[in-house]
Amino acid sequence: MRGIVDGVGRSGARLVMGDNLYMYGPTGGQPLREDMPYTATGRKGKTRAEIARMVLDAHKTGQIRATIGRASDFYGPRVRGSAVGETFFEPAIEGGVVNVMGNPDLPHTYTYIRDFARGLVNLSEQEIAFGRAWHVASDETITTRQFADLVAEEVDRPVRLRPAGKMMLAVVGLFVKDVRELRE
(Lines give C-alpha, C1' and ligand atoms only; values in the text may rest on other atoms or scores of the structure.)
Protein backbone atom coordinates (compact mmCIF):
# COMPACT_ATOMS: atom_id res chain seq x y z
CA MET A 1 0.00 0.00 0.00
CA ARG A 2 2.91 2.34 0.63
CA GLY A 3 3.94 1.83 -3.00
CA ILE A 4 0.43 2.62 -4.20
CA VAL A 5 0.24 5.76 -2.07
CA ASP A 6 3.67 6.89 -3.33
CA GLY A 7 2.73 6.18 -6.95
CA VAL A 8 -0.61 7.96 -6.69
CA GLY A 9 1.13 10.91 -5.04
CA ARG A 10 3.70 11.18 -7.83
CA SER A 11 1.11 10.82 -10.59
CA GLY A 12 -1.42 13.25 -9.18
CA ALA A 13 -4.18 10.68 -9.63
CA ARG A 14 -6.92 10.22 -7.06
CA LEU A 15 -7.18 7.01 -5.05
CA VAL A 16 -10.55 5.35 -4.55
CA MET A 17 -9.88 2.31 -2.37
CA GLY A 18 -12.28 -0.59 -2.03
CA ASP A 19 -12.20 -2.03 1.47
CA ASN A 20 -13.97 -4.44 3.79
CA LEU A 21 -15.12 -4.12 7.40
CA TYR A 22 -12.44 -6.09 9.26
CA MET A 23 -10.90 -3.03 10.95
CA TYR A 24 -13.92 -2.54 13.18
CA GLY A 25 -13.34 -5.83 15.01
CA PRO A 26 -16.01 -7.26 17.30
CA THR A 27 -18.91 -4.86 17.81
CA GLY A 28 -21.13 -6.85 20.14
CA GLY A 29 -23.85 -7.03 17.51
CA GLN A 30 -24.11 -3.28 16.98
CA PRO A 31 -24.69 -2.17 13.40
CA LEU A 32 -21.48 -0.90 11.81
CA ARG A 33 -21.11 2.83 11.18
CA GLU A 34 -18.37 4.80 9.46
CA ASP A 35 -17.54 6.70 12.64
CA MET A 36 -16.83 3.58 14.72
CA PRO A 37 -13.31 3.20 16.08
CA TYR A 38 -10.98 0.57 14.66
CA THR A 39 -10.93 -2.02 17.44
CA ALA A 40 -9.85 -5.14 15.58
CA THR A 41 -7.71 -7.51 17.60
CA GLY A 42 -6.76 -9.98 14.86
CA ARG A 43 -3.98 -9.71 12.31
CA LYS A 44 -6.26 -9.07 9.32
CA GLY A 45 -8.32 -6.41 11.05
CA LYS A 46 -5.28 -4.62 12.43
CA THR A 47 -3.69 -4.66 8.97
CA ARG A 48 -6.84 -3.21 7.39
CA ALA A 49 -6.93 -0.49 10.05
CA GLU A 50 -3.28 0.36 9.42
CA ILE A 51 -3.84 0.57 5.66
CA ALA A 52 -6.90 2.79 6.07
CA ARG A 53 -5.04 5.11 8.42
CA MET A 54 -2.10 5.27 5.99
CA VAL A 55 -4.36 6.25 3.09
CA LEU A 56 -6.36 8.80 5.06
CA ASP A 57 -3.23 10.28 6.67
CA ALA A 58 -1.67 10.67 3.22
CA HIS A 59 -4.82 12.51 2.17
CA LYS A 60 -4.71 14.78 5.26
CA THR A 61 -1.10 15.73 4.59
CA GLY A 62 -1.87 16.53 0.95
CA GLN A 63 0.28 13.71 -0.44
CA ILE A 64 -2.75 12.25 -2.26
CA ARG A 65 -6.49 12.74 -2.80
CA ALA A 66 -8.19 9.61 -1.46
CA THR A 67 -11.48 8.12 -0.39
CA ILE A 68 -12.35 4.65 0.86
CA GLY A 69 -15.49 2.66 0.11
CA ARG A 70 -16.31 -0.24 2.41
CA ALA A 71 -18.78 -3.09 2.23
CA SER A 72 -19.50 -6.51 3.63
CA ASP A 73 -19.26 -9.98 2.05
CA PHE A 74 -19.45 -9.75 -1.72
CA TYR A 75 -21.45 -11.91 -4.09
CA GLY A 76 -22.00 -11.78 -7.82
CA PRO A 77 -20.22 -12.51 -11.10
CA ARG A 78 -16.62 -13.72 -10.70
CA VAL A 79 -16.63 -13.22 -6.91
CA ARG A 80 -14.20 -15.75 -5.42
CA GLY A 81 -13.04 -16.28 -1.88
CA SER A 82 -16.13 -14.76 -0.27
CA ALA A 83 -18.48 -16.39 2.23
CA VAL A 84 -21.01 -16.27 -0.61
CA GLY A 85 -18.60 -16.76 -3.48
CA GLU A 86 -17.83 -19.96 -5.37
CA THR A 87 -17.98 -22.18 -2.28
CA PHE A 88 -21.57 -21.05 -1.75
CA PHE A 89 -22.95 -20.79 -5.26
CA GLU A 90 -21.36 -23.84 -6.88
CA PRO A 91 -22.88 -26.37 -4.46
CA ALA A 92 -26.17 -24.40 -4.37
CA ILE A 93 -26.50 -24.56 -8.15
CA GLU A 94 -25.42 -28.22 -8.30
CA GLY A 95 -27.82 -29.28 -5.54
CA GLY A 96 -25.11 -30.02 -2.98
CA VAL A 97 -24.71 -28.92 0.59
CA VAL A 98 -23.40 -25.41 1.21
CA ASN A 99 -20.93 -25.01 4.06
CA VAL A 100 -21.44 -21.75 5.93
CA MET A 101 -19.61 -20.21 8.87
CA GLY A 102 -21.39 -19.46 12.09
CA ASN A 103 -25.08 -19.28 12.79
CA PRO A 104 -27.05 -18.97 9.52
CA ASP A 105 -29.97 -17.41 11.41
CA LEU A 106 -28.09 -14.30 12.54
CA PRO A 107 -28.39 -11.06 10.52
CA HIS A 108 -25.66 -10.38 8.01
CA THR A 109 -25.16 -7.90 5.19
CA TYR A 110 -24.16 -9.11 1.74
CA THR A 111 -23.04 -6.76 -1.02
CA TYR A 112 -23.60 -7.31 -4.73
CA ILE A 113 -20.23 -6.71 -6.39
CA ARG A 114 -21.62 -4.55 -9.20
CA ASP A 115 -23.41 -2.31 -6.70
CA PHE A 116 -20.11 -1.95 -4.84
CA ALA A 117 -18.38 -0.98 -8.09
CA ARG A 118 -21.07 1.63 -8.79
CA GLY A 119 -20.64 2.93 -5.25
CA LEU A 120 -16.90 3.36 -5.73
CA VAL A 121 -17.47 5.20 -9.00
CA ASN A 122 -19.98 7.44 -7.24
CA LEU A 123 -17.45 8.21 -4.51
CA SER A 124 -14.86 9.11 -7.15
CA GLU A 125 -17.23 11.70 -8.60
CA GLN A 126 -18.06 13.50 -5.33
CA GLU A 127 -15.55 15.97 -3.92
CA ILE A 128 -17.13 15.66 -0.49
CA ALA A 129 -16.25 11.94 -0.47
CA PHE A 130 -12.51 12.52 -0.33
CA GLY A 131 -10.63 12.38 2.94
CA ARG A 132 -12.74 9.75 4.65
CA ALA A 133 -14.18 6.25 4.50
CA TRP A 134 -17.76 5.49 3.52
CA HIS A 135 -19.98 2.44 3.74
CA VAL A 136 -21.18 1.76 0.22
CA ALA A 137 -24.86 0.90 -0.02
CA SER A 138 -25.57 -2.81 0.28
CA ASP A 139 -28.61 -5.00 0.11
CA GLU A 140 -30.96 -5.17 3.07
CA THR A 141 -29.47 -7.02 6.03
CA ILE A 142 -30.92 -10.53 6.19
CA THR A 143 -29.83 -13.87 7.59
CA THR A 144 -27.63 -16.27 5.67
CA ARG A 145 -30.58 -18.66 5.62
CA GLN A 146 -32.74 -15.98 3.98
CA PHE A 147 -29.96 -15.36 1.48
CA ALA A 148 -29.90 -19.10 0.73
CA ASP A 149 -33.69 -19.05 0.28
CA LEU A 150 -33.34 -16.27 -2.30
CA VAL A 151 -30.74 -18.34 -4.16
CA ALA A 152 -33.03 -21.38 -3.92
CA GLU A 153 -35.79 -19.43 -5.66
CA GLU A 154 -33.43 -18.59 -8.51
CA VAL A 155 -32.00 -22.09 -8.97
CA ASP A 156 -35.43 -23.67 -8.42
CA ARG A 157 -34.25 -26.14 -5.76
CA PRO A 158 -33.66 -26.05 -2.03
CA VAL A 159 -30.28 -24.87 -0.82
CA ARG A 160 -29.15 -27.02 2.07
CA LEU A 161 -26.87 -25.36 4.60
CA ARG A 162 -24.26 -27.01 6.83
CA PRO A 163 -23.16 -24.50 9.47
CA ALA A 164 -19.65 -24.69 10.90
CA GLY A 165 -19.36 -23.29 14.40
CA LYS A 166 -16.25 -22.03 16.17
CA MET A 167 -15.19 -25.51 17.29
CA MET A 168 -15.45 -26.99 13.79
CA LEU A 169 -13.55 -24.06 12.29
CA ALA A 170 -10.84 -24.45 14.93
CA VAL A 171 -10.39 -28.15 14.15
CA VAL A 172 -10.45 -27.76 10.36
CA GLY A 173 -8.18 -24.71 10.68
CA LEU A 174 -5.45 -26.90 12.12
CA PHE A 175 -5.13 -28.54 8.71
CA VAL A 176 -6.44 -25.97 6.22
CA LYS A 177 -4.75 -22.56 6.21
CA ASP A 178 -7.65 -20.78 4.44
CA VAL A 179 -10.08 -21.97 7.13
CA ARG A 180 -7.65 -20.86 9.84
CA GLU A 181 -7.71 -17.40 8.23
CA LEU A 182 -11.52 -17.39 8.12
CA ARG A 183 -11.81 -17.85 11.87
CA GLU A 184 -10.63 -14.30 12.43
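**Exercise 1. How do helices H3 and H5 cross?**

Task: In this predicted model, work out how the axes of H3 and H5 are oriented, and which residues make the contact.

Solution:
- Start with the two elements: H3 covers residues 86-94 and H5 covers residues 144-155.
- Two packed helices are described by the angle between their axes and the distance between the axes.
- Here the axes come within 10 Å and cross at roughly 45°.
- Angles under 35 degrees count as roughly parallel and those from 65 to 115 as roughly perpendicular, so H3 and H5 are oblique to each other.
- As for handedness, the crossing of H3 past H5 is right-handed.
- Now look at the side of each helix that touches the other: H3 brings Phe-88, Phe-89, Ala-92 and Ile-93, while H5 brings Phe-147, Ala-148, Val-151 and Val-155.

**Exercise 2. Build the sheet around E1.**

Task: Find the strand order of the open sheet that holds E1, and say which strands stand at the edges.

Solution:
- Begin with one pair: E1 (residues 14-19) and E2 (residues 65-70) run parallel, joined over 6 bridges.
- For a landmark within this pair, find Leu-15, whose bridge partner in E2 is Ala-66.
- Next, follow the connection: E1, helix H2 (residues 43-60) and E2 form a β-α-β unit, and this unit is right-handed.
- Add the remaining strand, and the order of the 3 strands reads E1-E2-E7, with parallel pairing.
- E1 and E7 (133-135) each have a single partner strand, so they stand at the edges, and one side of each has no neighbour in the sheet.
- From one strand to the next, the twist averages 20°.
- Finally, place helix H4 (residues 113-124), which lies across E1, E2 and E7 and runs at about 150° to E1.

**Exercise 3. Sort the faces of E1.**

Task: Which residues of E1 are on the covered face, and which on the uncovered one?

Solution:
- In a regular strand, side chains alternate between the two faces of the sheet.
- Walking along E1, Leu-15, Met-17 and Asp-19 belong to the covered face.
- Arg-14, Val-16 and Gly-18 make up the uncovered face.

**Exercise 4. Describe the surroundings of Arg-162.**

Task: Where does Arg-162 sit, and what is it in contact with?

Solution:
- Arg-162 is part of strand E9 (residues 160-164).
- Its relative accessibility is 46%, and partly exposed lies between the cut-offs of 20% and 50%, so Arg-162 counts as partly exposed.
- Leaving aside neighbours within four places in sequence, Arg-162 is in contact with Val-97, Val-98, Asn-99 and Val-100.
- For a sense of the fold, compare Arg-162 with Asn-103: they are 59 residues apart in sequence and 9.8 Å apart in space, C-alpha to C-alpha.

How values were computed:
Residues are numbered from 1 along each chain as its sequence is written. This is a predicted model: local features need pLDDT of at least 70, side-chain atom pairs count only at pLDDT 80 or more; totals for chains, interfaces and linings use all residues. Side-chain values use heavy atoms; hydrogens and water are left out. Buried means under 20% relative accessible area, exposed over 50%, partly exposed in between (1.4 Å probe, protein chains only). Helices (H or I, at least four residues) and strands (E, at least two) are DSSP runs, numbered from the N terminus. Two strands pair if DSSP finds at least two bridges between them. A crossover is right-handed if, with the strands pointing away from the viewer, the path from the first strand over the helix to the second runs clockwise. Axes are lines fitted to C-alpha atoms, for helices over the stretch in contact, and angles run from 0 to 180 degrees between N-to-C directions. Contact means heavy atoms within 4.5 Å. Angles under 35 degrees count as roughly parallel, over 145 as roughly antiparallel, 65 to 115 as roughly perpendicular and the rest as oblique. A crossing is left-handed if the near helix is turned anticlockwise from the far one by less than a right angle, and right-handed if clockwise.
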